[in-house]
Amino acid sequence: MKFMLGDLPVLFPYDRLYPEQYSYMADLKTTLDAGGHCVLEMPSGTGKTVSLLSLIVSYMQFYPTKRKLIYCSRTVPEIEKALAELKRLMEYRAEMGANDGEFRGLGLTSRRNLCLHPEVSKEKKGKIVDSRCRDLTSAFACEKGRANPGSVPLCSYHEELNNYETGNLIPPGIYTIDDVKKYGKEKGVCPYFTIRRMLPFLDVVIYSFHYLLDPKVAEQVSAEMSKESIVVFDEAHNIDNVCIESLSIDLTRPMLDSAARSVNKISDKIAEIKETDSQKLEDEYKKLVEGLQEANEQREDEDMLVSPVLSKDMLDEAVPGNIRKAEHFIAFLKRFIEYLKTRMRVLHVVAETPQSFLAHLKEITYIEKRPLKFAAERLTSLVRTLELTNIDEHYSLQKVASFGTLVATYEKGFLLILEPYETEHATVPNPIFHFTCLDPSLAIAPVFERFSSVVITSGTISPLDMYPKILQFRPVTEQSYPMTLTRNAFLPMVITRGSDQVPISSRFEVRNDPAVVRNFGSILIDMAKTVPDGVVAFFPSYLYMESIVSAWYDMGILSEVWKHKLLFVETPDAMETSIALRNYREACNNGRGAVMLSVARGKVSEGIDFDHNYGRAVIMFGIPYQYTESRILKARLEFLRDNHRIRENDYLTFDAMRHAAQCVGRVLRGKTDWGLMVFADKRFARQDKRAKLPKWINAYITEAHSNLSTDVAISLAKKFIRQISQPFDHTQTGISLWTLEDIERRQLQDREDAEKAELELKQSLGKNHRNAVEDDVDVDVDFVMDDYDGVVDDEELARLDIPDDM
Amino acid sequence: MAGETSKVRRYDVDFKKVPGTLSVTATHIAWVPKTQGAMDRQNQSMDRAINMLASKAGSKSISLKVLFKDDIPLGGLTFVFSNVTTRENDRKEVQDILIPFVAANKNPQPNTATAASTSTATAPTGVPSTSIAQTVSSLSASSKRKLDDISSPGGTPGTPITGGSPATLSPAVRAQRKKEYKLRQKVLEKNPTLRMLHRELVIGKQITEEEFWDGREALIQAEEMLYSQKPGRASRLLDDRFDLDAGRKGKSTGGTGVGIKQADQNGPIVLKLSKELTREIFEEFPVVQDAYAKYVPGISETEFWSRYFTSQLWERHRASVRKSAVDESARKKDDIFDQYLEEPDWNIQPRQTLPDDVERFLDLAATEEDHGEAITVRDVTMQAGRERSALPLIRRFNDHSKKLLRAAEANRDESALTDSLYDTGIDLYNEIDLEDLHGPAQENTIALDVQEAAGEADKQGQEGVVGVLPGKSDEELLSIATESTTNLTHFKPDFASVCLPNPGFHPVDSDGTTNLNETNPAYQAFAEQRNAQAAAHQVVKDLHVRSNAESAINSPFPEQLYEQMKSCHNAATEFLRQYWSAILPSQAGTLNTNVKAKEGKAIKMANYLRSTENKVKAIIETGVILGFDPERVKKAMAPTVGAVRVALEREAKRVKKP
């Protein structure tokens with residue numbers, strides 16, 4: 001359908017529209033017009049992506065500024081779906097006669113997912129694919145290979161690209177990842193480099209968060225994106241964790257050993273080069289005097305060798321003298337690795353700030369902060385000068401260098417934690433040195449600064465004020481949309497106790513209690529018995545799932561489940577799990593029915609939909625709290641408390657609830673779909689827990705359904721399934737489904753309301769107009785202060801120099 | 001006899017003592033008298049032959065009696081072979097030609113065994129032939145009804161196949177028909193009402209089998225789906241069933257193998273292994289099959305299995321965490337099975353090789369490799385695969401589920417499935433589609449065949465109301481309006497005319513009686529009203545009594561009458577169903593022949609319907625004879641009669657139209 005939003009004609013690829021989609025698009029347009037950021041929560045399964053894309057594409061195409069769209073999503077399946085959504089939208093627009101001309105949209109993912117090279121593509125690990133690809137496509141390899149064909153193996157797919165005109169490597173249109181691969185196969189060109197080189201020419205680019213947030217990738221990939229671009233973070237409920245991860249780094253003992261080996265190898269190589277081609281090293285030295293950034297001019301093939309710090313924190317100055325010479329730098333690295341190894345011998349937990357670490361480092365090894373800052377880039381330059389191949393061997397060394405650079409660059413919002421044992425009860429040390437970022441706003445700050453409109457959206461982003469707080473930005477619009485339903489399409493139930501009235505909970509103290517395990521099991525059995533087709537169950541952690549599966553098997557609970565449905569379980573291996581998922585879907589399709597056991601925050605919980613028959617019920621066993629014993633988490637909680645005044649418990653519950661909501665939200669797509677949502681934990685009954693669920697779910701949890709025992713819940717479920725399976729006319733419009741007329745009626749009403757409000761305002765103003773002007777002069781000071789109090793910036797308060805003894 | 005090489009074979013045969021020639025072609029058997037006009041020619045399609053009877057060996061005449069479907073011609077045809085020298089061979093040849101047809105018609109499954117046995121029997125005595133005749137006839141006895149049902153309706157010879165050559169009727173088609181017959185029978189068995197209707201109409205030869213089932217395909221289909229389901233493999237894990245506790249009370253039990261393992265009181269453990277079970281073990285654990293193939297001729301089967309079940313391999317196969325540690329020491333070393341022992345599949349990477357690619361929208365590995373390796377370590381609870389002992393179990397679950405899934409669709413290979421899902425982009429659209437956002441699809445309607453539709457439309461146009469009061473001029477309307485207004489403004493309530501005046505106060509006389517002035521008009525009005533109310537009350541009461549009487553439970557219909565009514569009603573309903581479905585406009589693109597067939601059916605059904613009224617009359621008469629209130633019968637049958645009348649009126653119009 002085509003409808004007008006103000007002066008903007010919007011082409012929407014369906015005949016009908018959900019009211020939430022309308023409001024969502026309207027708010028989105030307001031945000032884009034105002035040129036600001038926004039946080040929008042839209043119920044799962046109500047067509048968020050399609051609304052987003054159709055509004056933004058209409059917006060881009062209608063206004064002459066021709067802004068770009070950078071659409072970030074979480075997982076490859078979601079990226080692929082977003083691309084398909086866009087492709088269909090563009091097909092629809094063409095059908096409706098929109099002239100989109102040379103409109104191009106592509107999705108970027110790693111080489112591992114795109115490679116066509118007959119041997120390289122066989123590799124399973126992305127790291128190795130990257131490294132082998134580099135050997136075949138790097139500038140020096142190409143140079144040699146082209147000058148003297150056959151001397152160096154090159155990738156024919158990469159070479160073939162040179163026959164195409166820059167900016168026109170692929171015909172206009174939208175390509176999903178599979179489409180690009182197919183195209184590449186047909187034409188014999190490399191899909192990865194096609195996309196990489198087309199990035200500046202694309203109208204829409206879809207990729208994962210990391211390509212914009214992680215400095216290791218973003219610098220290479222997203223640096224050239226125009227500032228006018230509209231940035232969308234879809235499924236952004238986990239964005240703070242992505243931000244934190246992208247500036248954190250963990251080192252282990254084997255990694256240090258491997259790094260030490262790399263250093264030795266490189267040192268041998270330097271000695272060799274010195275004898276054969278010492279000029280090279282001389283040249284490098286000269287370049288380094290000029291400054292690092294010149295030395296490392298951006299090259300697309302080198303994206304595995306980039307600085308781990310944000311570009312604004314990068315130094316554009318001469319490299320310190322003591323690491324300019326290759327041998328000196330190697331010695332420097334050796335010392336640094338030795339130091340880290342010594343630190344890891346400590347058998348108690350250490351938490352320290354970067355400053356204290358650096359001070360200690362200097363004391364022991366005389367390594368200064370400044371050269372350490374350059375470690376990562378200096379290594380890059382060296383690797384390039386030596387023309388090293390198989391750089392995946394030196395991966396650990398790279399990590400160590402990045403670690404050094406990060407430690408030396410950042411002070412505030414970071415913490416170093418050394419954990420000698422994996423768990424409290426472990427006896428064999430397996431030390432991990434965490435350099436952890438505590439402040440997610442650091443990684444995302446450049447994005448907010450650079451791009452004028454950043455949209456943060458998800459199905460579960462409640463409470464809305466949390467994100468602006470922890471990401472440190474001011475949104476123009478913050479909105480959560482309720483779900484309009486003509487019939488209750490989903491039934492959320494909170495089961496707090498088993499049929500034997502024993503309370504159930506995944507609380508650490510009771511989770512392995514046989515009564516709790518059995519009661520969890522009987523919920524699964526009864527659900528498998530009651531619900532048709534697919535049932536998905538989520539556990540709070542892998543550890544718990546793996547132990548409970550064995551326990552259930554030994555208790556004979558799974559034998560009961562087998563009677564009703566097939567059973568699939570998420571495994572550590574991603575591909576194995578994908579196969580299990582495929583079989584699960586097949587079983588749901590052929591009527592056999594199946595149960596899928598997986599983990600909240602795990603691989604399956606993000607990006608895989610269990611809509612329609614693939615998920616008629618979703619069971620959340622326990623509350624997916626994070627592992628509270630984790631020191632990193634503790635440090636983070638402390639940071640949140642000190643800097644944002646967020647209480648530990650509030651954050652933990654917020655975090656658990658967003659993941660729980662994310663899991664249960666996977667079962668809905670569209671309003672004809674239906675499903676049961678079972679929250680099995682007595683703690684869900686508490687109002688403070690439920691209040692943190694998204695409004696659209698919480699609104700449908702009635703008081704009566706918030707404290708059930710298993711048997712009552714099952715009988716409710718039976719009733720619900722019987723009711724929902726009755727024939728229902730889904731074509732009735734007006735309430736949860738709008739036609740074009742409904743939209744126009746709404747717009748008319750909005751306009752009238754606005755006029756009325758304006759009129760009233762004018763009338764009231766008109767009466768006291770003169771008074772108002774006079775009043776303006778001596779405003780009631782208290783009143784203004786009252787109003788202001790709520791928005792006083794914490795930082796400003798901090799800056800106020802209040803005497804300590806006050 | 002002549003023309004052995006040609007397809008037509010001729011024999012000298014007497015028919016009803018008239019000499020003639022019997023010619024047998026691939027499809028027909030025909031007899032022509034030698035003298036013109038001496039006797040009618042006989043010509044029958046062979047696929048109608050359902051039985052043949054040969055004269056006994058050694059009897060005077062060598063004859064062959066062929067019976068046909070539906071007993072037409074009556075009593076079949078009896079041919080006497082007259083060529084003295086070759087008659088026995090002649091008869092054998094004819095029999096050989098006819099046998100496949102007879103066998104096929106009797107029993108749609110190609111009865112090769114019988115055919116083979118006859119062809120090998122070479123004795124010219126005719127004994128084998130008779131034996132065939134006997135088997136054939138014994139078959140016919142059991143399947144006579146079946147043949148009636150399958151055979152084309154109403155005795156029209158070979159309806160579905162008359163057009164083509166019947167001999168080419170493929171075994172597949174025959175099998176199909178047999179299956180359909182079976183299904184129909186099952187449907188009837190399940191549905192007593194339908195069975196009664198079937199008995200009345202089809203077996204009562206009112207309508208044909210085909211007609212009866214026409215429009216009831218859904219029933220057959222449902223039955224077929226039910227019928228085609230086969231029990232699959234038990235989904236319970238195999239080793240789970242070997243649990244000693246399986247049979248014990250209070251334990252969750254299930255699966256097919258409960259009680260396989262039983263322990264006598266302190267005695268040895270007894271295992272009951274069925275063939276099915278060993279097959280399942282082989283399927284579940286291919287290494288056992290491997291071992292079996294290698295060693296079993298060497299050692300006895302019993303020994304093999306007892307060793308297996310006490311081996312460490314078996315313990316490993318059970319994949320459970322429980323007990324194994326305890327039992328470990330008790331296990332003996334076993335030179336056969338220990339070599340199959342391998343490290344449990346408990347590493348992060350599964351041992352089994354996995355395909356390279358799955359559908360992108362399920363591809364979890366792609367996400368892991370989407371942006372380089374994660375450089376942070378997840379906390380200890382979120383590291384998948386830490387509980388190593390659980391992994392083999394989890395893998396077995398997935399594997400077992402997969403096997404069960406594949407067992408159900410053994411003929412579909414996995415590669416085909418992946419291809420279909422992977423190559424087409426349409427599937428991905430399917431994944432993102434919100435179906436309720438599509439507008440309602442164009443409905444597939446059949447245009448209503450309104451008679452004189454044009455006239456109706458015109459009428460409607462005229463009736464269309466225009467203006468406030470159609471047919472009045474503006475002035476008139478205005479005057480009406482002003483009149484009403486003045487009426488309203490000058491409205492004065494006149495309560496006396498609508499309300500009885502109070503009879504007023506009556507002074508009491510000295511003797512104490514009220515002085516009721518009979519002549520007082522107010523009192524008179526009051527009295528009138530009182531009387532009227534009393535009368536109305538009486539009427540209401542009367543009505544009430546009558547209505548009660550009406551809804552009172554009547555005496556039931558006599559059984560005989562009721563049966564008749566039911567049968568009449570059932571038949572009429574079925575005829576109506578047939579009739580209406582016959583005159584339903586055909587879907588565009590159907591064959592012309594089909595249309596004609598429908599036309600014929602409509603007329604036939606209309607004829608049947610016409611007889612309904614007489615039937616009802618007859619029933620009423622029966623009612624009178626039985627001394628039952630004929631009115632009640634009439635009333636009970638009224639809806640049926642009404643429906644039939646509507647159909648007949650419709651039919652009359654329809655026939656008149658062209």
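Student: Which residue takes a positive phi in the hairpin of strand 1 and strand 2 of chain A?

Tutor: Gly6(A), with a phi near 60°. The hairpin has 2 residues between its strands. This is a predicted model: local features need pLDDT of at least 70, side-chain atom pairs count only at pLDDT 80 or more, and totals for chains, interfaces and linings use all residues. Residues are numbered from 1 along each chain as its sequence is written, while chains are lettered from A and ligands numbered from 1 in the order in which they are written.

Student: What makes strand 1 and strand 2 of chain A pair?

Tutor: Strands pair if DSSP finds at least two bridges between them. Here 4 bridges join residues 2–5 to residues 8–11 of chain A, so the two strands pair. They run antiparallel. In strand 2, Pro9(A) is the bridge partner of Met4(A).

Student: How many helices and strands does chain A have?

Tutor: It has 34 helices and 21 strands. Both are DSSP runs numbered from the N terminus: helices are H or I, at least four residues, and strands are E, at least two.

Student: Why is helix 24 of chain A called largely enclosed?

Tutor: Count its buried residues (20 or more other C-beta atoms, placed from the backbone, within 10 Å of the residue's own). In helix 24, residues 557–564, 7 of the 8 residues are buried, so the rest of the structure largely encloses it. Among them are Trp562(A) and His564(A). The cover includes helix 22 (514–530), helix 23 (542–555), strand 17 (566–569) and strand 18 (594–599) of chain A. Across chain A, 52% of the 806 residues are buried.

Student: How do you know whether chain A agrees with a compact globule?

Tutor: Use the radius of gyration, taken over C-alpha atoms; the globule rule is 2.2 Å times the number of residues to the power 0.38. For 806 residues a compact globule would be near 28 Å, and chain A has 29 Å, so the two agree. Its C-alpha atoms fill a box of roughly 85 × 75 × 75 Å along the principal axes.

Student: What does the contact between chain A and chain B take from each chain?

Tutor: It takes 84 residues from chain A and 66 from chain B. Contact means C-beta atoms, placed from the backbone, within 7 Å. On the chain B side, helix 14 gives the largest share, 11 residues.

Student: How far apart are the C-alpha centres of domain 4 and domain 5 of chain B?

Tutor: They lie 52 Å apart. Domain 4 is 475–500 + 518–549, and domain 5 is 559–656. Those bounds come from an automatic or database domain assignment.

How values were computed: Contact = placed C-beta atoms within 7 Å. Buried ≥ 20, exposed ≤ 12 C-beta atoms within 10 Å, placed from the backbone.
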